[in-house]
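Reader: Hi, I'm new to this one. Could you pick out a single part of it for me and go through that part slowly, filling in the surroundings as you go?

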Amino acid sequence: MSKRSWPFLLGGLLVALVLAGVVSNYASSHPDGLDSSLLKGCTVNADDEITGGSCPAQQARDHELADSPLADYGVRGIGNDFLSTGLSGVLGVLLTFALGGGLFWLARRRAPASATGTGPAGATGTGPAGDGGTGPVDAAAGSAAGTSASRSTGDR
């Protein structure tokens, strides 16, 4: 990754952390469209508890991970709801960033071990113009340039 990418990446991470840590506490506590559609046919009190009627929401059960440390948009064991929700969001962003960064790191394109005329994925080199693509590999150009150079000098 180039040095110019780091400020953009860190700025995006900072914005995500602020949104998850602070702004997430101001999200609506009212049921969304899916919850509302599952409650059709039931009567609900002020605490969103089903008091009568018949609806699909009556068949709902707790999830297997309902007792996990980050369940229900909060961190278990923290009594302050604002802090619990914010910390849960921050931890979620950091875990997602670490997982995504690790996957990108594993999938990154690596430079060839030696400059022998073949680029990444077996593409031919990109030597000086007009040499038929047989020169040493230009690591910065990558396989896309090597492929286009070999096409331009191929059978016509």
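Author: Reading along the sequence, you meet the pattern α-α-β-β-α-α, which amounts to 4 helices and 2 strands. These elements are DSSP runs numbered from the N terminus: helices are H or I with at least four residues, strands are E with at least two. What you're looking at is a predicted model, where local features need pLDDT of at least 70, side-chain atom pairs count only at pLDDT 80 or more, and totals for chains, interfaces and linings use all residues. Residues are numbered from 1 along each chain as its sequence is written, and side-chain values use heavy atoms, with hydrogens and water left out.

A bit of background on the whole protein helps. Of its 156 residues, 18% count as buried; that word means under 20% relative accessible area, while exposed means over 50% and partly exposed covers what lies in between (1.4 Å probe, protein chains only). The accessible surface comes to about 11,800 Å², and 61% of that belongs to carbon and sulfur atoms. Areas like this come from the Shrake-Rupley method with a 1.4 Å probe, and for residues only the protein chains shown count as cover.

Now to the part I'd pick: a nonpolar patch on the surface. L14, V15, V18, L19, V22, V23, Y26 and F82 make it up, and together they have about 760 Å² of accessible area. To join a patch, a residue needs over 30% relative accessible area and no salt bridge; nonpolar side chains (Val, Leu, Ile, Met, Phe, Trp, Tyr) are joined within 5 Å, like charges within 9 Å. A salt bridge, in turn, is a side-chain nitrogen of Lys or Arg within 4 Å of a carboxyl oxygen of Asp or Glu.

Where do most of these residues sit? The largest share, 4 residues, comes from helix α1 (residues 5-21). L19 lies in that helix, and at 46% relative accessibility L19 counts as partly exposed. Trace from L19 to V90, 71 residues apart along the chain, and you'll find their C-alpha atoms separated by 8.7 Å.

Two other patch members are worth a closer look, Y26 and F82. The whole structure has 1 aromatic pair, and it's Y26 with F82, edge-to-face, at 6.2 Å centre to centre and 70 degrees between the planes. The pair links distant parts of the chain, since Y26 is in the loop between α1 and α2 (33-38) and F82 in helix α3, 56 residues apart. A pair of aromatic rings is described by the distance of the centres and the angle of the planes. The cut-offs go like this: rings of Phe, Tyr and Trp (its six-membered ring) pair if their centres lie within 6.5 Å, with planes under 30 degrees apart called stacked, over 60 edge-to-face and the rest tilted. As for cover, Y26 is exposed at 62% relative accessibility, whereas F82 is partly exposed at 40%.

Stay with F82's helix for a moment. S84 is in helix α3 (residues 81-107) too, but S84 is buried, with a relative accessible area of 6%. Setting aside neighbours within four places in sequence, S84 is in contact with Y73, G74, V75 and I78; contact means heavy atoms within 4.5 Å. S88, also in α3, is buried at 12% and touches L70, Y73, G74 and V75, again not counting residues up to four places away.

Y73 turns up in both lists, and Y73 has a backbone quirk. Most residues other than glycine have a negative phi. Y73, though not a glycine, has a positive phi of about 55 degrees, and D72 has one of about 60 degrees. Y73 is found in the loop between β2 and α3, as is D72. Y73 counts as exposed at 69% relative accessibility, and so does D72 at 73%.

That loop also holds one end of a disulfide (a pair of cysteine sulfur atoms within 2.5 Å). C42 is joined to C55 with S to S 2.0 Å. C42 lies in strand β1 (residues 42-44) and C55 in the loop between β2 (50-53) and α3, so the pair ties together parts 13 residues apart in sequence. The torsion about the S-S bond is about -95 degrees, so the disulfide is left-handed. Both cysteines, C42 and C55, are buried.
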